[in-house]
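Let's take a walk through this model, stopping at the spots a bench biochemist might want to look at. Have the viewer open and follow along.

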Amino acid sequence: MKAIRRFTVRPVLPEPLAPLHELAHNLRWSWHARTRDLFAAVDPDRWAASGRDPVRLLGDVPPERLAELAADEGFLTELAAVGDDLNRYLEDDRWYQRQGHGQGPGQGPGQGPGRLPEAVAYFSPEFGIAAALPQYSGGLGILAGDHLKAAGDLGVPLIGVGLLYRHGYFRQSLSRDGWQQETYPVVDPDELPLTLLREEDGRPVRVALALPDGRRLLAHVWQARVGRVPLLLLDSDVEANSAHEREVTDRLYGGGSGHRLLQEILLGIGGVRAVRAYCRLTGHPAPEVFHTNEGHAGFLGLERIAELVAGGLAFDAALEAVRAGAVFTTHTPVPAGIDRFDRELVARHFGPAAELPALDVERVLALGTETYPGGDPNVFNMAVMGLRLAQRANGVSTLHGSVSRGMFAGLWPGFDPEEVPITSVTNGVHAPTWVAPEVAETDVIDRTSDQELWALRRMLRGRLVEDVRGRLAASWRRRGAGGAELGWIDGVLDPDVLTIGFARRVPSYKRLTLMLRDPDRLTRLLLDPERPVQIVVAGKAHPADDSGKRLIQELVRFSDDPRVRHRIVFLPDYGMALARTLYPGCDVWLNNPLRPLEACGTSGMKAALNGCLNLSVLDGWWDEWYGPDFGWAIPTADGAATDDDRRDDLEAAALYDLLERRVTPRFYERGADGLPDRWIGMVRSTLTRLGPKVHAERMVREYVERLYVPAAHAHRALTPDAARELAAWKARTRAAWQGVSVDHVEAAAATGATAELGATLGLRVVAALGGLGPEDVEVQVVAGRVDAEDRITDATTVPLKPVSGPDTEARWCYEGPLPLHRTGPYGYTVRILPAHPLLASPAETGLLAVASRASGEGAGVLMR
């Protein structure tokens, strides 16, 4: 018989063991080995059976065992030490608290004119913190989890905001014929390291949203402690909701567009309300910066506008104030990866009959409208709204930043893509989470002998082999195999064979099956009698992605072949638990996306932290930090004349060539001491030189210094009066801009009649300002090399100064020098941009006026 209701009966810990509760409910245990060892000592068998989840463990330990531990002096001594360590971690000053940034004597980071942000709210649709909190699907969530952990390690006052999915992301298994199967286990918050946010009188905090037709959506707010960082998760499974509303937070990335839109409204608007409640109840400083991790939470900006409108600001002024303190991070390099909703569907959820009634619905819709060439005016684009609601935006690698500037250039018409105000902060990974303890304990790699380093690598490879065999046997049993069929699994993989890992989500651009392009050639690599290769593959396809499921099935069918199944395996249900042995245990990490469609690709970073070498297309982070000491670059065939099939053929062949001629020989060649000296040298370089670059602490420091601090300063500068003034200035500038033009350009060489290297051109420009004043604009010369079509490349800008005006036609004269510091074909143009001290970028308004050929004495200057 099945229970009609499920709940958890919590154990009553003896008083001496009370600190175990706090240790179990702060997710720092997931990256703190000493805390995990403490819980393992409670009951080793139950610790393993719980999936290494302290909350589940404590719910299963018998009272008599707890009584034993309460009388065990050795255990209590260690418990006290681990508890004290956590308290120091939570309370001591860290990097953030030690930053100067203009502080006077006795001032902390929240004081003084150059102070750091009081707090930052970080919104994401998913967070990968630990396997015990299954609220993630892939790289976006893992990145968000690592961001929170590294922020806590650095002392950054971050508040994470997300949704609590009662079914999390799906669990993956395989049918007998290799087709992906999905199940959605129910997540009980009472069995997770979560506590309910409550009002002072003990009632649960309830966030309420108004829905069309007079309905309401209510949500509770659960708190997770991620080290020093609180993570707030909104949960719509509230009894006062109707059945439909209770299911809003049922699954991560589930349901149709209407369901997804409700999730994103709850995350953005409800998330801001949850933050306000949390700060009110705990005394946590209110965030000065709001960071939107991808477009899913973009509606948070609307809620902040509505807050300011309720305080007396007009919409335009509120928009400027909100933009000043907002950061938007885009993670997708393709338009298809962006959430886009039907315009009318969005319209129904706002206005007098629904949410944010004080905001004009047309103003709301305009924020997400695709106004650029090729855009669809009937859809609402979440990334477009995110960019319009944030003064600062970034991609997640240098290459992805460039791709993003090109992809969104239509929002800044007339500007070259490199001038689009989207920067980049390359992702990083949280080392304590992803580094094997044995690697972490090898403190000084330079003083570790080759023998010791190679023995460590073999031990990690052997641990992976054991884990793979256990997981593979479990997978085959779920596929219907009996015990008599599984004897061959004891011979799967070999701890002395070169091991390649490939694990990620399975959209088509990641090319899971590129390795199968020539199955005979791959088979020869796997079965080579002298230099064999073995491959461990894992990954999930989205439940609605049948093409991705077919790719998995194709690989599974190949790996089921008795000839090669001991050398290549597919492991279902890729997640954080599998990753802990996979990354350290592989020798080579394979990544072969279609360039430039991998925004960053952090799995290779996690592998590198463990001494695994990367074998990857030059995409994402690898394009930025590849070096021959750290691995190999797969050549790309991305010419315009190459079709998709031909490209896959060429790049697969390049992959096979690298494995046959470079990778396997390097792994198996032995020096005089019997060790693969050159391979070990690459491992050592990866650990010592590449490893520090990929740390999430480096990433978070960059966010603080390059984005959070400027956003906080802009937020403080945009007082209500300043916001009104800036909004009025922008309105006046837009209205006048049609009268702004470059009417005439003259150039004369100041040191002679010819344009020679080292000479200076004296420029004189006559500009019509359309009723604006010189304080409202900047007149610039844009100069640089020119191509055959006179396009300026590698440009530099030189501002010109007003020398007279206005004349009888309201025109101003500007002059200035242009140094000629390059030889070869060289050109310049003149343009006018709006200028205001509160703009974050010259391109922010999207307005400019550029000289035409008719306005000047020539299209450019040719230097010999």
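Start with Cys600: its sulfur is 16 Å from the closest cysteine sulfur, the one in Cys612, and that is too far for a bond. To count as a disulfide, two cysteine sulfur atoms must lie within 2.5 Å. Cys612 isn't in a disulfide either, as its nearest cysteine sulfur, in Cys586, is 5.6 Å away. The structure as a whole holds zero disulfides. Cys600 is buried, with a relative accessible area of 4%, and Cys612 counts as buried too, at 0%. Here, buried means under 20% relative accessible area, exposed means over 50%, and partly exposed is what falls in between (1.4 Å probe, protein chains only).

A quick word on the ground rules. This is a predicted model, in which local features need pLDDT of at least 70 and side-chain atom pairs count only at pLDDT 80 or more, while totals for chains, interfaces and linings use all residues. Residues are numbered from 1 along each chain as its sequence is written, and side-chain values use heavy atoms, with hydrogens and water left out.

On to the rings. Rings of Phe, Tyr and Trp (its six-membered ring) make a pair if their centres lie within 6.5 Å; planes under 30 degrees apart are called stacked, those over 60 edge-to-face, and the rest tilted. By that rule there are 19 aromatic pairs. One of them joins Trp621 and Trp622, which meet edge-to-face at 5.3 Å centre to centre, with 65 degrees between the planes. Both Trp621 and Trp622 are buried. Elsewhere, Trp454, Trp632, Phe667, Tyr668 and Trp679 come together as one aromatic cluster.

Some rings also have a charge over them, meaning NZ of Lys or CZ of Arg is within 6 Å of the ring centre and within 35 degrees of the ring normal. The charged end of Arg251 sits over the ring of Tyr184, 3.6 Å from its centre. Lys606 does likewise over the face of Trp434, at 4.8 Å from the ring centre.

What about empty space inside? A cavity is a set of points, on a 1 Å grid over the protein atoms alone, where a 1.4 Å probe fits but cannot get out; its lining residues have an atom within 4 Å of a point. Grid points are joined across faces, edges and corners, and the volume is the space filled by probe spheres set on the points. That gives seven cavities of 30 Å³ or more, and the largest has a volume of about 80 Å³. It is lined by 13 residues, and Leu472, Trp476, Ser559, Asp560 and Phe570 lie nearest its centre. Helix H18 (450-478), helix H20 (546-559) and strand E19 (568-571) are the elements that give two or more residues to this lining. Those element names come from DSSP runs numbered from the N terminus: helices are H or I of at least four residues, strands are E of at least two. By class, the lining has eight nonpolar, two polar and three charged residues. Nonpolar covers Ala, Val, Leu, Ile, Met, Phe, Trp, Tyr, Cys and Pro, charged covers Asp, Glu, Lys and Arg, and the others, Gly among them, are polar.

Now for some backbone oddities. Most residues other than glycine have a negative phi, and most peptide bonds are trans. The bond from Arg595 to Pro596, though, is cis, with omega near 5 degrees, and Pro596 lies in the loop between strand E20 (588-591) and helix H22 (603-608). The bond from Gly805 to Pro806 is cis as well, with omega near 0 degrees; look for Pro806 in the loop between strands E27 (801-804) and E28 (811-819). Glu294 isn't a glycine, yet has a positive phi of about 75 degrees. You'll find Glu294 in the loop between strand E11 (289-293) and helix H10 (300-310), where it is buried at 7% relative accessible area. Asp790 has a positive phi too, of about 65 degrees, but it is partly exposed, at 39%.

Finish at helix H11 (residues 315-324). Nine of its ten residues are buried, so the helix is largely enclosed by the rest of the structure. Among the buried ones are Phe315, Leu319, Glu320 and Arg323. For contrast, look at Arg661 in helix H24 (residues 644-668), which is exposed at 63% relative accessible area.

Technical notes. 1 Å grid on protein atoms, 1.4 Å probe; cavity = no way out; pocket = protein on both sides within 12 Å on 5 of 7 lines; lining within 4 Å.
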